[in-house]
Amino acid sequence: MNSGDDTRESTRCPGCRVELPVQPWPDNPKIHASAACLKAAGDLLVFEIEHREQLGYLHQLRMDAYHAQHVQAGAPRIGPVFALNGLYMFLERGSGNVDVRTAHGIMANSFDDWPELTAPESAGQLTASDVLAAGGPDEVEKAMLTWAAQVWDAWPDSDRALVRKLTIDLVPARYLHR
Ligand SMILES: [Zn+2]
C-alpha cells in the first residue's frame, strides 16, 4: 500500500464493491462500475498484453468475469447472458477465446428472446484490482482463474442453468471441448 495515497478520497465500486482512491477515468454507461475500478480493469488489460504469451488465453475470460461482476440494471439483456456464456464455456466446457467469440456471434445471429437475468448483490470476493495486485504473471494468472470462478459461482443457480441450456441449444458442440 502506498502511504502517499492515504489522504485521497476513495470510492466504492457499485459492482464489485472494491474501495479505491478516486480516479479521473471516463465512465462507461454500459458497466456498473466506479471510474477507479474501470481504471483497474484497464490496467489489468495492459498487464495481460505485457504478458500475453502466458495470459493471452484468458483475454475473453477476463472481459466476461468483469462484465458479469458489473451488470448495469436496465442494460440490454444480451450483455449478462453473453458474459455468463463466456464464463460457462471456459470454466465448464474448456472453450477458449475464439470459441467464445464465435459462440457470441452465432448466438446473436440465431436468437433474440434473451432472458432477464438477476445479477447477484455481490459477485465474488475478488476484484479486478485484487487480480492485478496479486503479483507477477503466475500469481495474476492464478488469481484471474479464481476470480472468474467466484463470479460464475455467485450467480443464481437458475440463471446459470438457463445459460447452460441456451448455450447447448444454440452453440455447435465443436466449440465445447468437454
Ligand atoms: Zn468494480
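**A walk through a predicted helical model**

The secondary structure of this protein amounts to 8 helices and 2 strands. The model is a predicted one. Along the sequence, the elements come in the order β-β-α-α-α-α-α-α-α-α, with the two strands ahead of the helices.

Start with the overall dimensions. Along the principal axes, the C-alpha atoms of the protein fill a box of roughly 55 × 35 × 25 Å. For 178 residues, a compact globule would have a radius of gyration near 16 Å, and the protein agrees with this because its own value is 16 Å. Of the 178 residues, 35% are buried. Contacts can also be sorted by how far apart the partners are in sequence. Among those between residues at least 6 apart, 62% join residues at least 24 apart.

Next comes the interior. In soluble globular proteins, nonpolar side chains tend to be buried together. In this model, the largest nonpolar core holds 44 residues, and Cys37, Ala68, Leu84 and Leu87 have the most contacts inside it. At least two residues of this core come from each of α1 (35–50), α3 (59–69), α4 (78–93), α5 (97–110), α6 (128–133) and α7 (137–154). The helix that gives the most is α4, with 8 residues.

Cys37 is a useful place to look at the core in detail. Leaving aside residues up to four places away in sequence, Cys37 touches Cys13, Gly15, Cys16, Val18, Leu20, Ala128 and Ser129. Leu20 is one of these partners, and strand β2 covers residues 19–21.

The loop between β1 (10–12) and β2 (19–21) contains Arg17. The phi angle of Arg17 is near 75°, which is a positive value in a residue other than glycine. Is Arg17 buried, exposed or partly exposed? Arg17 has 16 other C-beta atoms within 10 Å, so it counts as partly exposed; a buried residue would need 20 or more, and an exposed one would have 12 or fewer.

Helix α3 shows how a whole element can be enclosed. Because 9 of its 11 residues are buried, α3 is largely enclosed by the rest of the structure. The buried residues are Gln60, Leu61, Arg62, Asp64, Ala65, Tyr66, His67, Ala68 and Gln69. They pack against α1, α4, α5, α6 and α7. Ala68 is also among the residues with the most contacts inside the largest nonpolar core.

Helix α4 takes part in a further packing arrangement. Two packed helices are described by the angle between their axes and the distance between the axes. For α4 and helix α8 (residues 157–170), the angle is about 80° and the axes are 9 Å apart. This angle makes α4 roughly perpendicular to α8. On the α4 side, the contact is made by Val81, Leu84, Asn85, Tyr88 and Met89, while α8 contributes Asp159, Arg160, Val163, Arg164, Leu166 and Thr167. By type, the residues of this contact divide into 6 nonpolar, 2 polar and 3 charged. Leu84 of α4 also appears among the core residues with the most contacts.

The last stop is Ala154, in helix α7. Ala154 is partly exposed, because 17 other C-beta atoms lie within 10 Å. Apart from residues up to four places away in sequence, Ala154 touches Pro120, Ala123 and Gly124. Ala154 and Gly86 are 68 residues apart in sequence, and their C-alpha atoms are 15 Å apart in space.

Methods:
Residues numbered from 1 in each chain as written. Predicted model: local features only at pLDDT ≥ 70, side-chain atom pairs only at ≥ 80, totals over all residues. Helix = DSSP H or I, 4+ residues; strand = E, 2+ residues; numbered from the N terminus. Rg over C-alpha atoms; globule rule 2.2 N^0.38 Å. Contact = placed C-beta atoms within 7 Å. Core = buried A, V, L, I, M, F, W, Y, C linked by C-beta atoms within 7 Å. Axes fitted to C-alpha atoms, helices over the stretch in contact; angles between N-to-C directions. Parallel < 35°, antiparallel > 145°, perpendicular 65-115°, else oblique. Nonpolar A, V, L, I, M, F, W, Y, C, P; charged D, E, K, R; others polar.
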